[in-house]
Amino acid sequence: MRILVVNVNTTDSITQAIAHQAQSVAAPGTEIIGLTPYFGAESVEGNFESYLAAIAVMDRVLAYDQPYDAVIQAGYGEHGREGLQELLNVPVVDITDAAASTAMFLGHAYSVVTTLDRTVPLIEDRLKLSGLYDRCASVRASGLAVLELEEDPLRAVEAIVRQAERAVTEDKAEVICLGCGGMAGLDEQIRLRTGVPVVDGVTAAVTIAESLVRLGLSTSKVRTYATPRPKRVLGWPLRAGR
């Protein structure tokens, strides 16, 4: 089985970290391929960058010319998952949906701890659109930019733990979701500090994608995610191969 894990930003080191985390939970025989978009922002922290990333992720996946069995979009709260579902005939899993749905198996309510405060509304909207918001106790911002997670991991853990502890004590969350692909690999440290289950969306997405492939299931092509109708689109960057 081959699963593409697509970073939403253009920082290769984040792609490598996400791919490494994904491979760490993959079943024997599952190959993880990390992909970095050809264009876009070095980090995604707002609507403009998120919409740009949606196009870039679709472009990067269509340019991949080898067989694959599923795709993971590794951006928390980002746009574009629905476009991939229309374009592809394999399962598409977004780490936002994967983390939240997994958390609901583990406790009554979950909270998301993310990066900057400006990303909170994007994540809330994504969860509402996916039908996962009813069990969300809160979405809290650590105050760290995406690239700071790499630059100072110790500070990142402290900032995330601080908000996770507040989510548990003040918001009554029973599970914490890590609200950024760049937080991959921090789940165990934060679980030990908070005492509650911590869900990393990247690893959750891998196990969900593997399950869908093994069950022989993929996106319904009736109505909502039907293949795009053929038509002339001027200046569109999406194309198979490069």
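Axes are lines fitted to C-alpha atoms, for helices over the stretch in contact, and the angles between them run from 0 to 180 degrees between N-to-C directions. With that convention in hand, the predicted model can be described through its helix packing, its two sheets and a pair of unusual backbone angles.

A pair of packed helices is described by the angle between the axes and the distance between them. Here, helix H7 (residues 153-170) packs with helix H8 (residues 187-194) at an angle of about 45 degrees, and the two axes are 10 Å apart. Because angles from 35 to 65 degrees fall outside the roughly parallel and roughly perpendicular ranges, H7 is oblique to H8. The crossing of H7 and H8 is right-handed. On the H7 side, the residues that take part are Val 157, Glu 158, Ile 160, Val 161, Ala 164 and Glu 165, and they meet Gln 189, Ile 190, Arg 193 and Thr 194 of H8. Sorted by class, the contact of H7 with H8 holds 5 nonpolar, 2 polar and 3 charged residues.

Ala 164 offers a helpful view of the surroundings of helix H7, in which it lies. With a relative accessible area of 0%, Ala 164 is buried, since the cut-off for that class is under 20%. Once neighbours within four places in sequence are set aside, the contacts of Ala 164 are Val 113, Ile 176, Ile 190 and Thr 194. Ala 164 is also 11 residues from Val 175 in sequence, with a C-alpha to C-alpha separation of 9.1 Å.

Attention now turns to the sheets. Strands of a sheet pair through backbone hydrogen bonds, either parallel or antiparallel. One open sheet has 4 strands in the order E6-E5-E7-E8, with parallel pairing. Its edges are strand E6 (136-141) and strand E8 (198-200), each of which pairs on one side only. Neighbouring strands of this sheet are turned against each other by 25 degrees on average, direction ignored. Within the sheet, strand E5 (residues 110-114) and E7 are joined in the parallel sense over 4 bridges, and Val 112 has Cys 177 in E7 as its bridge partner. Helix H8 packs on this sheet and touches E7 and E8, and the direction of H8 makes about 170 degrees with that of E8.

Another open sheet of 4 strands has the order E2-E1-E3-E4, again with parallel pairing. Strand E2 (31-35) and strand E4 (92-94) are the edge strands, each pairing on one side only. From one strand to the next, the twist averages 20 degrees. Strand E1 (residues 2-7) pairs with E2 in the parallel sense over 5 bridges, and Ile 3 stands opposite Ile 32 in E2. Helix H2 (residues 47-63) packs on the sheet, touching E1, E2 and strand E3 (70-74), with its direction at about 150 degrees to that of E1. H9 packs on the sheet as well, touching E1, E2, E3 and E4, and the direction of H9 makes about 160 degrees with that of E3.

Finally, the backbone angles deserve a look. Most residues other than glycine have a negative phi. Lys 172, although not a glycine, has a positive phi of about 65 degrees. This residue lies in the loop between H7 and strand E7 (175-178), and at 58% relative accessibility Lys 172 counts as exposed. Arg 223, also not a glycine, has a positive phi of about 75 degrees. Arg 223 is found in the segment after helix H9 (201-214) and is exposed, with a relative accessible area of 78%.

Terms used:
Residues numbered from 1 in each chain as written. Predicted model: local features only at pLDDT ≥ 70, side-chain atom pairs only at ≥ 80, totals over all residues. Heavy atoms only, no water. Helix = DSSP H or I, 4+ residues; strand = E, 2+ residues; numbered from the N terminus. Parallel < 35°, antiparallel > 145°, perpendicular 65-115°, else oblique. Left-handed = near helix turned anticlockwise from the far one by under 90°. Contact = heavy atoms within 4.5 Å. Nonpolar A, V, L, I, M, F, W, Y, C, P; charged D, E, K, R; others polar. Buried < 20%, exposed > 50% of the residue type's maximum accessible area, 1.4 Å probe, protein only. Pairing = 2+ DSSP bridges.
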